[in-house]
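Visitor: I have never read a protein structure before. Could you take me through one, feature by feature?

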Amino acid sequence: MESSSSLKGSALGKLVVTSGLLHSSWSKILEIHNPPYSNHDPGLQVSKKKKDSGLEFQIHREEKFTLVVFSAPPICRSSSSDSTLLHVKDKENPFPFLCSENNPSFSLHTPAFNLFTSASTSLTYLKSELLQTLKSEKPVIITGAALGGSVASLYTLWLLETIEPTLKRPLCITFGSPLIADASLQQILENSVRNSCFLHVVSAQTRIKMDFFKPFGTFLICFDSGCVCIEDHVAVTELLNGVHDSGLVDYSQVLNRLDQSMLSLADSRLIPEDVIKGIEKRAEMKNLRFDMMFKKLNDMKISMAYIEWYKKTCKEVKIGYYDRFKTQLAFPSKEFDINIKNHHKSELNRFWKSVVEEVERRPQSDASILKRRFLFSGNNYRRMIEPLDIAEYYLEGRKEYRTTGRSHHYVMLEKWFGMESILIEKERCKKRDLSDLLTFDSCFWAEVEDSLIVINQLNTTVGMRDDVREVLTRKLVEFEGYMWEIITKREVSPEIFLEESSFMKWWKEYKKIKGFNSSYLTEFMNTRKYESYGKSQ
Amino acid sequence: MAFEALTGVNGDLITISWMASKGANQTEHYLKEEVGGIVFFAFPPSFSAEDLFATANTSPFGEIKMKRNQFPCMRSIGNNVNATVNEAFLKNLEVIIGPRTSFYASVQSAVEREQQIVFTGHSLGGATAILATVWYLETYFIRNPNVPEPRCVTFGAPLVGDYIFKHALGRENWSRFFVNFVTRFDIVPRIMLARKASIEKILPHVLGQLDPRRASIQESDQIITEFYTTVMRDTYTVASKAVCQLIGNGEAFLETLSSFLELSPYRPVGTFVFSTQKRLVVVNNSDAILQMLLYTCQSNDEQELSLIPFLSIRDHHGYEELVQSIGIKLLNHLDLHNPPLDGENSIGSALNDLGMSTRGRQCIHAALEAEKQRVENQKNIETKRDKIVERLTWIVEKYKPKCQTHKNGYYDCFKDSKEDNDFKANVTRVELAGIFDEVLGLVKKGQLPDGFEGSGGWINLATQYRRLIEPLDISNYYRHLKNEDTGPYMLHGRPSRYIYAQRGYDSARAHLARPAVGFYFFGPPRAGPFRPAGKIHMSKPAPQSPAGFKRVGFSFAGNPQTRKPATGLPAYIRDPQWACPLGPLIYGQKIQCPSPPRHGPLGQSPRAIGPLDTSRYEHRILKPKGMIAEDVFWNKVNDLNLGLQQEIQENLKISGSKCGSCFWAEVEELKGKPYEEVEVRVKTLQGMLERWIGDGEVDDKEIFLEGSTFRKWWNTLPDNHILHSPLYLRGRLMDETRAT
């Protein structure tokens with residue numbers, strides 16, 4: 001039995017062919033290349049030609065959709081494999097939004113890129129016009145043959161950035177066009193919904209050179225007896241890679257052949273078995289990755305509910321969950337505690353690391369959609385779980401967590417949460433009862449631990465040099481300042497004042513060092529004002 | 001005979017149907033025949049283009065949405081979308097059931113005599129027969145359990161309705177009433193898969209050729225060839241898209257592509273019988289039938305291929321021969337148990353006879369696999385039912401009573417979250433959300449069997465879930481002050497799993513009148529000392545007892561200790577498998593009951609909480625007319641006489657009063673606001689409350705407790721308001737005060 005991937009490739013191919021979209025596009029391409037003498041097409045709106053570069057485009061407003069056709073002169077052979085490197089920070093880069101955390105730069109096919117930039121003024125105008133069209137619910141097809149198709153692809157990438165997710169996505173159809181993206185861009189697009197906006201029609205006879213440039217989007221590969229449609233770019237590479245064939249393919253003929261094959265029953269196997277197997281394997285991997293993210297979200301909520309519960313039980317025995325976790329780590333007794341560590345915490349960490357990885361793979365704007373979706377749950381997770389990671393860290397006798405021990409995904413989650421959200425939160429904390437608050441700074445306990453270490457050093461080191469002592473004392477003063485700030489801003493959980501907490505331990509030690517030197521904090525602590533901290537005002 | 005077992009109709013019935021269909025050619029609207037106690041209604045075909053595409057219709061396939069008040073069942077409940085059908089066909093039905101013909105009276109008299117009806121027709125007459133059957137099912141069958149099952153037999157009929165049409169018939173278990181015969185190349189069953197724009201011009205010519213009253217057809221008619229190619233091309237597009245969706249995976253490109261495609265919405269409904277020279281192939285799976293409509297109309301033989309356009313017209317007249325040969329042909333059933341890919345079995349040779357290519361078989365295989373997957377999905381969900389029941393039981397038996405001892409119900413306890421149990425309840429809440437979201441995802445994507453949406457067990461469970469757990473979600477929402485971020489719960493906060501569950505519940509009530517389908521009680525348990533078991537008063541007959549309501553089902557509070565119904569009425573549980581796990585409820589009883597019973601005001605006399613409440617009685621009459629929860633709500637609001645309708649609608653736009661399980665959300669929204677501002681909403685809420693309590697939507701043991709948010713808020717209302725509030729409410733609030 002043939003696999004479902006093969007069936008899918010063929011069904012998708014048939015769908016594309018019978019839809020008539022290829023014919024609509026190709027006939028307009030023919031028109032722009034060989035303009036009929038008496039051209040009074042009422043749908044034809046713009047026809048601009050940049051004489052110096054030779055890029056030309058036309059808009060056709062059809063009944064069901066709008067067609068934009070690009071036409072470019074044949075590629076000069078010598079420059080056909082040149083590439084242009086673009087970095088996210090380049091001022092000249094029209095595509096900074098495509099860069100991802102993992103891939104801050106990529107290269108484009110130089111001839112296509114040059115044509116694209118040479119026409120930037122008229123293309124900007126075209127963009128605003130197409131956006132209007134898209135808003136009126138009419139979908140847009142952007143098309144071109146050979147180098148014209150490559151520019152069409154670039155243009156589509158550029159247009160996609162401004163299209164809101166609620167609008168219909170445009171479709172870019174190219175015919176026998178050179179590839180334009182390097183491996184980095186391919187990797188970025190692979191993780192983006194933009195990838196679904198490209199349909200590249202290629203004849204199986206053309207051999208496309210793939211040593212530097214890589215395919216993205218969906219490929220319709222046309223054989224003599226039929227066609228297949230594949231998205232898997234490894235398979236596309238395997239099927240098309242070969243010697244560059246300069247012989248021009250007449251796509252009018254290719255399309256006619258496809259039409260004829262439509263109603264015949266010949267189902268020859270167009271894709272070799274091993275290629276199919278590869279497609280299936282990769283599809284499965286991708287699904288797994290996807291499932292991991294979305295199906296697990298609920299399990300994560302369950303784990304968070306358990307940890308919330310854990311936190312509450314700890315509070316009842318007058319010890320914050322941070323310290324309880326720390327002592328239980330050393331001497332585990334209850335099943336609940338063990339479960340929290342071995343199951344819930346580790347599952348949560350694994351999940352959120354994978355979310356962060358996924359986001360870092362995507363181009364910026366796709367990533368921001370994901371970030372928004374996970375914003376609050378991610379922030380909650382960080383504030384709830386990072387203290388537990390800190391407990392583990394210091395229990396192993398290490399120090400300076402914030403600078404040397406912090407996991408990358410916490411840094412990213414904090415960065416995404418951003419300033420704006422914090423401001424809203426701050427506003428809210430001013431009057432509210434704080435008993436359920438999670439300390440804003442998820443590294444708070446690391447600060448406490450480091451400060452305890454400092455105190456310990458001051459107390460135990462015999463014959464400490466004055467300058468060293470001074471540095472350490474200054475650290476303590478800094479910590480005191482930090483403490484006082486988050487207390488006055490009401491950004492710290494009242495749980496830190498529970499009798500058994502590490503912070504209270506710190507306070508007892510610090511009090512001895514501080515002696516009778518009074519400060520805001522010492523007064524706050526000495527007069528037991530902290531007991532009413534966090535009550536609603 | 002195996003054929004009857006597979007299709008529900010026997011050879012004689014088919015023969016008579018065909019004879020009647022042929023006879024109907026001579027009539028204007030319909031032909032009625034009565035044979036052996038069965039009444040046959042046959043409809044004549046039409047061969048004019050405006051009977052295929054309604055003239056004023058501008059949609060690309062001549063389609064239109066069905067009206068909910070006329071066809072309340074023909075929709076997707078969860079997604080809340082009405083079915084789409086061909087407007088010309090629907091208009092034709094409307095003429096037939098209208099006052100200009102005697103059809104309505106004829107059907108009525110057959111119904112009164114409890115005779116079985118067969119609707120039938122050839123060609124477009126078959127399309128009318130399908131819609132007439134649906135009309136009959138909606139008008140008579142769901143409302144009266146004594147009405148016998150109809151049959152619908154069509155010969156070469158075009159497709160009539162869309163995926164939702166097919167889904168709704170499947171959900172109601174009505175698909176089995178439809179049998180469609182198709183000769184191999186007949187073009188008519190395929191016509192509706194083509195775009196109107198692509199065939200419009202040549203359609204009149206082709207219809208002329210299809211008309212049996214016209215001169216004979218020529219073998220080399222270029223227009224016919226063009227027509228055939230056009231129809232098949234569009235069929236190809238539709239069928240290929242369907243296969244891509246069946247296989248799934250990588251939908252993003254398909255989605256982008258789809259906005260450029262115009263695809264026929266029409267889908268096959270019921271059983272299809274394809275015939276070849278030697279065989280009959282019976283198929284029930286709509287997806288598989290769609291693929292067969294494409295792949296059986298091809299050939300790998302060049303010579304045959306050139307003849308197909310001609311055959312596609314000729315075969316439309318091949319039904320006489322088909323009917324005559326039913327007894328002598330080999331019979332094959334194409335389903336999950338007889339997969340199309342096993343080399344040399346009989347279904348294999350049947351598909352060979354039908355000219356199915358390897359690719360075609362793979363497509364059918366994919367369709368059957370998708371069906372298998374849907375069944376698997378349901379099984380998978382079924383395994384979670386015990387867990388759901390166990391969690392809900394814990395809430396009812398442990399959590400709620402424990403909270404009540406604190407003199408504020410579980411809603412407020414959960415909000416404070418001071419005890420272990422509150423956290424356990426929170427874990428329960430999240431766990432259940434996960435399960436129901438998973439079910440919801442499958443429902444949304446159509447990845448469950450059609451029947452799932454209508455299955456009483458799940459509607460019941462989802463209702464229990466909604467009533468018990470939604471208050472916790474609301475509590476959680478306001479505990480974390482999410483209303484400050486995202487606005488009121490009802491605006492953006494309400495999870496769709498509750499919205500879907502509510503729709504399921506509302507639609508199930510529409511079916512209460514038909515015990516044969518099964519109906520279920522949705523109330524929470526009524527155990528405890530508050531609700532003495534008692535009798536249902538049936539002293540006063542209602543002023544009028546509508547036809548068809550002789551036998552109705554209802555549920556009521558029985559004796560909590562003995563778990564017996566408290567009355568001596570003949571009652572039995574219809575489906576013990578679904579017995580309510582949560583309390584002493586006996587539900588789903590069928591009783592003989594001459595009229596709806598009366599019941600006293602709440603708390604004063606024993607009461608029925610089944611559909612025999614007068615309030616329910618009203619529902620039952622409203623619902624089959626297509627009343628949805630929203631309409632019922634506005635009706636009730638109008639009864640309250642609160643002032644100008646428009647103003648009130650504005651006021652209640654996002655009100656929690658639209659659903660009983662959102663009671664707490666409305667209380668939360670109202671409690672911070674000055675009375676003058678929200679007077680209408682307060683009055684609406686209290687106006688709804690009595691029925692909610694009666695329906696089991698709101699637990700009156702909870703809300704009147706001393707520490708409840710509701711009670712506290714109520715006490716802050718102006719004296720004048722309290723003085724004029726409904727008697728029962730003041731009574732309850734005062735009772736509890738006295739008691740404490």
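Visitor: What share of the 537 residues in chain A is buried?

Guide: Keep in mind that this is a predicted model. To read burial, look at how much of a residue's accessible area remains; under 20% relative accessible area counts as buried. In chain A, buried residues make up 54% of the 537 residues.

Visitor: Can you show me one residue as an example?

Guide: Let's take A:Asp389, which sits in helix α13, residues 364-395 of chain A.

Visitor: Is A:Asp389 buried or exposed?

Guide: A:Asp389 counts as buried because its relative accessibility is 15%, and the cut-off is under 20%.

Visitor: Which residues is A:Asp389 in contact with, leaving aside its neighbours within four places in sequence?

Guide: There are A:Lys345 and A:Asn349, and also A:Tyr401 and A:Tyr410.

Visitor: How do I read the fold of the whole chain?

Guide: Begin with its elements: chain A has 19 helices and 10 strands. Then ask how far apart in sequence the contacting residues are. Of the contacts in chain A between residues at least 6 apart in sequence, 75% join residues at least 24 apart.

Visitor: What is the radius of gyration of chain A, and what would a compact globule of 537 residues have?

Guide: Chain A has a radius of gyration of 31 Å, whereas a compact globule of 537 residues would have one near 24 Å. You can also picture a box along the principal axes: the C-alpha atoms of chain A fill roughly 100 × 55 × 45 Å.

Visitor: Now the two chains together. How many residues does each chain give to the contact?

Guide: Chain A gives 51 residues and chain B gives 53 residues. Another way to read an interface is by the area it buries. Here chain A and chain B bury about 4,700 Å² between them, with 64% of that on carbon and sulfur atoms.

Visitor: How many salt bridges are there between chain A and chain B?

Guide: The count is 3 salt bridges. One of them joins the side chains of A:Lys64 and B:Glu262, at 3.0 Å from N to O. Across this interface there are also 11 residue pairs in polar contact.

Visitor: Which elements of chain A touch chain B?

Guide: Those giving two or more residues are α1, β6, β8, α8, α9 and α10 of chain A. The largest share comes from α1(A), with 12 residues. By class, this side of chain A has 26 nonpolar, 10 polar and 15 charged residues.

Definitions and conventions:
Residues are numbered from 1 along each chain as its sequence is written. Chains are lettered from A and ligands numbered from 1 in the order in which they are written. This is a predicted model: local features need pLDDT of at least 70, side-chain atom pairs count only at pLDDT 80 or more; totals for chains, interfaces and linings use all residues. Side-chain values use heavy atoms; hydrogens and water are left out. Contact means heavy atoms within 4.5 Å. Buried area is the accessible area (1.4 Å probe) that two parts lose on being put together, summed over both. A salt bridge is a side-chain nitrogen of Lys or Arg within 4 Å of a carboxyl oxygen of Asp or Glu. A polar contact is a pair of N or O atoms within 3.5 Å; within protein, one must be able to donate a hydrogen and the other to accept it, and residues adjacent in sequence count only if both atoms are side-chain atoms. Helices (H or I, at least four residues) and strands (E, at least two) are DSSP runs, numbered from the N terminus. Ala, Val, Leu, Ile, Met, Phe, Trp, Tyr, Cys and Pro count as nonpolar, Asp, Glu, Lys and Arg as charged, and the others, Gly among them, as polar. The radius of gyration is taken over C-alpha atoms; the globule rule is 2.2 Å times the number of residues to the power 0.38. Buried means under 20% relative accessible area, exposed over 50%, partly exposed in between (1.4 Å probe, protein chains only).
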